[in-house]
Amino acid sequence: SAEIEARIKMTGASKVQWSRPHCIAGNGDAANLPCARSGHTLSVTGNTGFLFGGLCSGPLDNKIARPVDELHILRMGKSELEWCFLAFPENARPLPRWRHSACIFDDTHIVIFGGYHTASLRLSDVWLFNTIAMEWQKAKSEQAPGFNSEGSHPPSTTWP
């Protein structure tokens, strides 16, 4: 962005350095902070980031990792970053997953594809998140997610 380029020019290209901004929980509620995770996606449009999915470890007494279907918003201000958790009904959000892919489409939608739901179940579904209406929509498809009965992925389209 222009702000990042301006900071680089001010410090000189040889002095580019990382900084650790102050992050806060929205409304001071720790439930708005995401758990430590891996295999997630962070999609950024404008000054807002959308953290989805990933593999989280359980509480300290239960170290079994589990996939999550959580969506957190990261509002990026000039002096601090604020996390907010968005709750959705179970039937109105993607399955928990990690190692999926995501991209921004038309600056107003995030496209989520595939990933792992369990160690042996790979997903092949597509979900859209509308960043204006703040709602999930499952793309219509005739194929079921995951492997078919022969143990391979179902074809998603014909190949030229």
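**Exercise 1. Find which residues T131 touches, leaving out those up to four places away in sequence.**

Step 1. Start with the rule: a contact means heavy atoms within 4.5 Å. Skipping residues up to four places away in sequence, T131 touches F50, D107, T108, H109 and I110.

Step 2. A word on what you're looking at: this is a predicted model, where local features need pLDDT of at least 70, side-chain atom pairs count only at pLDDT 80 or more, and totals for chains, interfaces and linings use all residues. Residues are numbered from 1 along each chain as its sequence is written, and side-chain values use heavy atoms, with hydrogens and water left out.

Step 3. Now place T131 in the chain. T131 sits in the loop between β11 (122-130) and β12 (135-138). Helices (H or I, at least four residues) and strands (E, at least two) are DSSP runs, numbered from the N terminus.

Step 4. Is T131 buried or exposed? Buried means under 20% relative accessible area, exposed over 50%, and partly exposed in between (1.4 Å probe, protein chains only). T131 has 11% relative accessibility, so T131 counts as buried.

**Exercise 2. Work out how β9 and β10 pair, and what lies between them.**

Step 1. Two strands pair if DSSP finds at least two bridges between them. Strand β9 (residues 101-105) and strand β10 (residues 109-116) have 5 bridges, in the antiparallel sense.

Step 2. Pick out partners. C103 has V111 in β10 as its bridge partner, and F105 stands opposite H109 in β10.

Step 3. Look at the turn. β9 and β10 make a hairpin with 3 residues between them, and D106 in that turn has a positive phi of about 60°.

Step 4. Zoom out to the sheet. An open sheet of 4 strands runs in the order β9-β10-β11-β12, with antiparallel pairing. β9 and β12 each have a single partner strand, so one side of each is left without a neighbour in the sheet. From one strand to the next, the twist averages 25°. (Axes are lines fitted to C-alpha atoms, for helices over the stretch in contact, and angles run from 0 to 180 degrees between N-to-C directions.)

**Exercise 3. List the residues of the largest nonpolar core, then look at I110.**

Step 1. A nonpolar core is a set of buried Ala, Val, Leu, Ile, Met, Phe, Trp, Tyr and Cys residues joined through side-chain atoms within 4.5 Å. The largest one here has 10 residues: F50, F52, L71, I73, F88, I110, I112, W127, F129 and W136.

Step 2. Which elements give two or more residues to this core? They're β4 (48-52), β7 (71-76), β10 and β11.

Step 3. Now take I110. Not counting residues up to four places away in sequence, I110 touches S43, F50, A102, C103, I104, W127, L128, F129 and T131. So you meet T131 again, and T131's own list includes I110.

**Exercise 4. Track down the disulfide and describe its two cysteines.**

Step 1. A disulfide is a covalent bond between the sulfur atoms of two cysteines. The search takes a pair of cysteine sulfur atoms within 2.5 Å, and over the whole structure it finds 1 disulfide.

Step 2. C35 is joined to C56, S to S 2.1 Å. The link is right-handed, with 50° about the S-S bond.

Step 3. The pair links distant parts of the chain, 21 residues apart: C35 is in the loop between β1 (22-25) and β2 (37-38), while C56 is in strand β5 (residues 55-57).

Step 4. Check the exposure. C35 has 27% relative accessibility, so C35 is partly exposed. C56 has 1%, so C56 counts as buried.

Step 5. Try two other cysteines. C23 is partly exposed, because its relative accessible area is 39%, and C84 is buried at 12%.

**Exercise 5. Place β5 in its sheet.**

Step 1. In this open sheet, 3 strands stand in the order β2-β5-β6 with antiparallel pairing. The edge strands are β2 and β6 (65-67), each pairing on one side only.

Step 2. Between β5 and β6 there are 3 bridges, in the antiparallel sense. S57 stands opposite A65 in β6.

**Exercise 6. Sum up the whole chain.**

Step 1. How many helices and strands are there? The chain has 1 helix and 12 strands.

Step 2. Of the 160 residues, 30% count as buried.
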